[in-house]
Amino acid sequence: MIAVEPLAPPRPAAALPTAPAVGLVNRIAKPADRAALLERAPSLPRLQLTPRELSDLWLLAIGGYTPLDGFLCQSDYVSVVETMRLASGAPWSIPITLSVSSDAAGRVHEGDDVALLDGDGGLAAVLHLREKYTYDPRREAQLVYRTDDAEHPGVRTLYAQGPVLLGGPVTVLHVPRHPQFPRYDLHPAETRAHFASRGWRTVVGFQTRNPVHRAHEYIQKCALEIVDGLLLHPLVGETKADDIPADVRMRCYEALLGGYYPADRVLLSINPAAMRYAGPREAIFHALVRRNYGCTHFIVGRDHAGVGSYYGTYDAQKIFDQFDIAKDIAITPLKFEHSSWCKVCEGMVS
């Protein structure tokens with residue numbers, strides 16, 4: 001097993017007094033270990049990662065998925081699906097898994113090191129395989145997505161997976177900056193350092209897979225009334241084919257921040273994760289990830305991470321009531337209702 005040290009926060013915990021000191025997992029190999037893995041790589045069994053698995057790998061590497069150190073083993077997988085917690089009891093609502101075909105599963109064995117390939121076929125990481133196990137995708141669909149309808153985009157992706165899951169920690173050789181948005185590709189340790197350097201003790205995160213519209217602007221500026229800074233954190237991983245492309249969205253964010261927001265109170269950074277469209281479960285997931293990036297608060301609006309009519313308007317807010325916010329989630333949800341333009345008062349209202 002390659003030794004990987006945990007990545008400490010860039011400043012003492014006192015820099016963020018309203019947030020607990022959540023140490024970041026770091027699964028990036030040290031230079032000497034990286035050289036050893038590259039030397040061994042030709043002899044290892046190989047697996048090609050999908051775009052979603054690859055984005056999960058990058059987030060595992062940089063601590064975005066803290067406390068996870070790899071793809072889920074069976075006890076954690078079952079616990080996450082059934083209870084929204086890891087086997088340790090730590091909250092986690094979306095299974096982070098690596099699926100393979102039956103044939104591919106037959107070519108690897110528990111205890112093996114497995115080479116994980118990126119989209120170009122290059123070596124991205126090594127999986128230290130602890131378990132391979134089967135699972136029930138319909139059960140996962142019903143509990144995670146609240147539907148087993150194959151028309152749901154997240155369920156459709158789930159049903160297309162292989163029938164065997166591989167679990168174990170990963171060692172990542174290196175994490176490339178996003179090819180389209182390297183300027184905005186800040187890792188959790190880096191966003192935390194930005195917050196500390198700006199003197200932000202309270203930071204609200206905002207999840208978006210679409211351009212920010214007027215109601216978004218309104219609730220973000222409402223949130224800025226009670227916190228020091230805003231992390232505008234658009235998701236740029238895999239999304240539905242009919243979603244607005246990431247490059248278009250990023251130009252929208254740049255225009256908005258350039259002319260409509262206080263420059264000293266907003267940080268734009270990308271989230272490389274893929275979209276699951278899991279509604280309430282994904283709201284918890286998004287909050288936990290933003291906690292790892294250093295946020296103390298997280299905006300949860302109408303139908304967060306929803307698609308179609310699968311979820312109730314405020315289901316993504318109600319799910320937070322199942323957790324002890326201070327003890328479990330360690331990030332405060334800011335719940336906003338419908339926002340709209342009032343013709344009578346000629347202003348935004350909720």
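The protein chain exposes about 14,900 Å² of surface, and carbon and sulfur atoms supply 51% of that. Keep in mind as you look around that this is a predicted model.

## The whole chain

Let's start with the overall picture. The protein chain is built with 12 helices and 14 strands. Its radius of gyration comes out at 20 Å, close to the 20 Å that the globule rule gives for 350 residues, so the chain is as compact as a globular protein of that length. If you boxed up the C-alpha atoms along the principal axes, you'd need roughly 70 × 45 × 40 Å.

How much of the protein chain counts as buried? Of its 350 residues, 57% do. The contacts tell a story about sequence distance too: take those between residues at least 6 apart in sequence, and 75% of them join residues at least 24 apart. As for charge, there are 36 positive and 39 negative side chains, and the centres of these two sets sit 4 Å apart.

## Two helices worth a visit

Helix α2 covers residues 51-62, which makes 12 residues. From its first C-alpha to its last it reaches 17 Å, close to the 16 Å expected at 1.5 Å a residue. Is α2 enclosed or open? Buried means under 20% relative accessible area, and 11 of the 12 residues of α2 are buried, so the helix is largely enclosed by the rest of the structure. Among those buried residues are Leu-54, Leu-57, Trp-58, Leu-59 and Leu-60, but also the charged-type names Arg-52, Glu-53 and Asp-56. Right after α2 comes Gly-63, with a positive phi near 95°.A little further on, the loop between α2 and β2 (70-71) holds Pro-67. The peptide bond that leads into Pro-67 from Thr-66 is cis, with omega near 15°.

Then there's helix α3, residues 74-83, where Tyr-77, Ser-79, Val-80 and Val-81 are buried. What covers these buried residues of α3? The cover includes two strands, β6 (131-134) and β7 (164-172), along with helices α5 (137-145) and α10 (280-292).

## Two positive phi values outside glycine

Met-84 turns up just after α3, in the loop that runs between α3 and β3 (98-100). Its phi is near 65°, a positive value in a residue other than glycine. Is Met-84 buried or exposed? Met-84 is buried, with a relative accessible area of 7%.

Glu-346 also has a positive phi, about 55°, although it is not a glycine. You'll find Glu-346 in the loop between β13 (340-342) and β14 (347-349). Exposed means over 50% relative accessible area, and at 62% relative accessibility Glu-346 counts as exposed.

## Three residues and their surroundings

Here are three residues from other parts of the chain, each paired with a residue further along or back in the sequence.

| Residue | Paired residue | Separation along the chain | C-alpha distance |
|---|---|---|---|
| Val-164 | Ala-104 | 60 residues | 8.9 Å |
| Lys-335 | Val-175 | 160 residues | 34 Å |
| Val-227 | Cys-295 | 68 residues | 10 Å |

Val-164 is part of strand β7, the strand that also helps cover the buried residues of α3. Val-164 is itself buried, with a relative accessible area of 10%. Which residues does Val-164 touch, not counting residues up to four places away in sequence? The list includes Leu-98, Ser-99 and Val-100, numbers that match strand β3 (98-100). It also includes Lys-132, Tyr-133 and Thr-134, and those numbers fall in β6 (131-134). Ser-102, Ala-105 and Tyr-135 are touched by Val-164 as well.

Lys-335 belongs to strand β12, residues 332-335. Its relative accessible area is 38%, and Lys-335 is therefore partly exposed. Leaving aside its neighbours within four places in sequence, Lys-335 is in contact with Val-300, Gln-317, Phe-320 and Asp-321.

Where does Val-227 lie? Its place is the loop between α8 (214-223) and β9 (229-234). Val-227 is buried, with a relative accessible area of 4%. Residues up to four places away in sequence aside, Val-227 touches Thr-202, Val-203 and Val-204, plus Arg-265 and His-297.

Note on methods
Residues numbered from 1 in each chain as written. Predicted model: local features only at pLDDT ≥ 70, side-chain atom pairs only at ≥ 80, totals over all residues. Heavy atoms only, no water. Helix = DSSP H or I, 4+ residues; strand = E, 2+ residues; numbered from the N terminus. Rg over C-alpha atoms; globule rule 2.2 N^0.38 Å. Buried < 20%, exposed > 50% of the residue type's maximum accessible area, 1.4 Å probe, protein only. Contact = heavy atoms within 4.5 Å. Areas by Shrake-Rupley, 256 points an atom, 1.4 Å probe, with all protein chains shown as cover. Lys, Arg positive; Asp, Glu negative; His and termini not counted. Charge placed at Lys NZ, Arg CZ, Asp CG, Glu CD. Expected span 1.5 Å × (residues − 1).
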